[in-house]
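This report looks at secondary structure, surface exposure and charged side chains, in that order. Please keep the sequence and the three-dimensional view at hand while reading.

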Amino acid sequence: MCGGGGGSNDDAKKEAEKRHQENLALQKEQMEEQKRQFELSRADNQARYQEQKATAQAAPPPPPEKTAGVAAPALDSKRWAKGGGKKQYTNPPTKQSTATKSSAHAAKSLYIPK
């Protein structure tokens, strides 16, 4: 009453070992790729760091000329306080008609004798 004869135990072990070796090779390849990407990223970060360090150690910009006077505000506050530049278009005022009774109301109040 036992199940049908499966493959031999030696074949199963060989298949498992083969899969194990394939998985190890794949894992090794993935680790090498990860290391390569890390090295690229590290080189890029080092270059960026050197650039930022050079910028931080650079001499400050020259002072403004004495003839420049006082710096003006970026926006003239008086001009912008009014609403600025263009006038906004608005529709001309319309004549509003007086309210009328609705037709339903007029029909209710109409008395028709029988």
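## Fold and charged contacts

The protein holds 3 helices and 0 strands, and, read from the N terminus on, its elements follow the order α-α-α. The model is a predicted one, and every value given below is computed from it.

Of the 114 residues of the protein, 1% count as buried. The protein exposes about 12200 Å², and carbon and sulfur atoms supply 56% of that area.

How many salt bridges does the structure hold? There are 2 salt bridges in the structure, and they are set out in the table with the distance between the closest N and O atoms of each pair.

| Salt bridge | Closest N and O atoms |
|---|---|
| R36 with E33 | 2.6 Å |
| D44 with R48 | 2.8 Å |

The pair R36 and E33 belongs to helix α1, which covers residues 9-57, and the two residues are 3 residues apart, about one turn of the helix. The pair D44 and R48 also lies in helix α1, where a separation of 4 residues again corresponds to about one turn of the helix.

Are the partners of these salt bridges buried, exposed or partly exposed? Buried means under 20% relative accessible area and exposed means over 50%, with partly exposed in between. R36 counts as partly exposed because its relative accessibility is 43%, and its partner E33, at 33% relative accessibility, is likewise counted as partly exposed. In the other pair, D44 is partly exposed because its relative accessible area is 43%, while R48, with a relative accessibility of 40%, counts as partly exposed too.

Apart from these pairs, which residues form a negative surface patch? The negative surface patch is formed by D10, D11, E15 and E22. One of its members, D10, lies in helix α1, and D10 counts as exposed because its relative accessible area is 54%, the cut-off for exposed being over 50%.

Taken together, helix α1 contains both partners of the R36 and E33 salt bridge, both partners of the D44 and R48 salt bridge, and the patch residue D10.

Notes: Residues are numbered from 1 along each chain as its sequence is written. This is a predicted model: local features need pLDDT of at least 70, side-chain atom pairs count only at pLDDT 80 or more; totals for chains, interfaces and linings use all residues. Side-chain values use heavy atoms; hydrogens and water are left out. A salt bridge is a side-chain nitrogen of Lys or Arg within 4 Å of a carboxyl oxygen of Asp or Glu. Buried means under 20% relative accessible area, exposed over 50%, partly exposed in between (1.4 Å probe, protein chains only). Patches are made of residues with over 30% relative accessible area and no salt bridge: like charges are joined within 9 Å, nonpolar side chains (Val, Leu, Ile, Met, Phe, Trp, Tyr) within 5 Å. Accessible areas come from the Shrake-Rupley method with a 1.4 Å probe; for residues, only the protein chains shown count as cover. Lys and Arg count as positive and Asp and Glu as negative; His and the chain ends are not counted. The place of a charge is taken as NZ of Lys, CZ of Arg, CG of Asp or CD of Glu.
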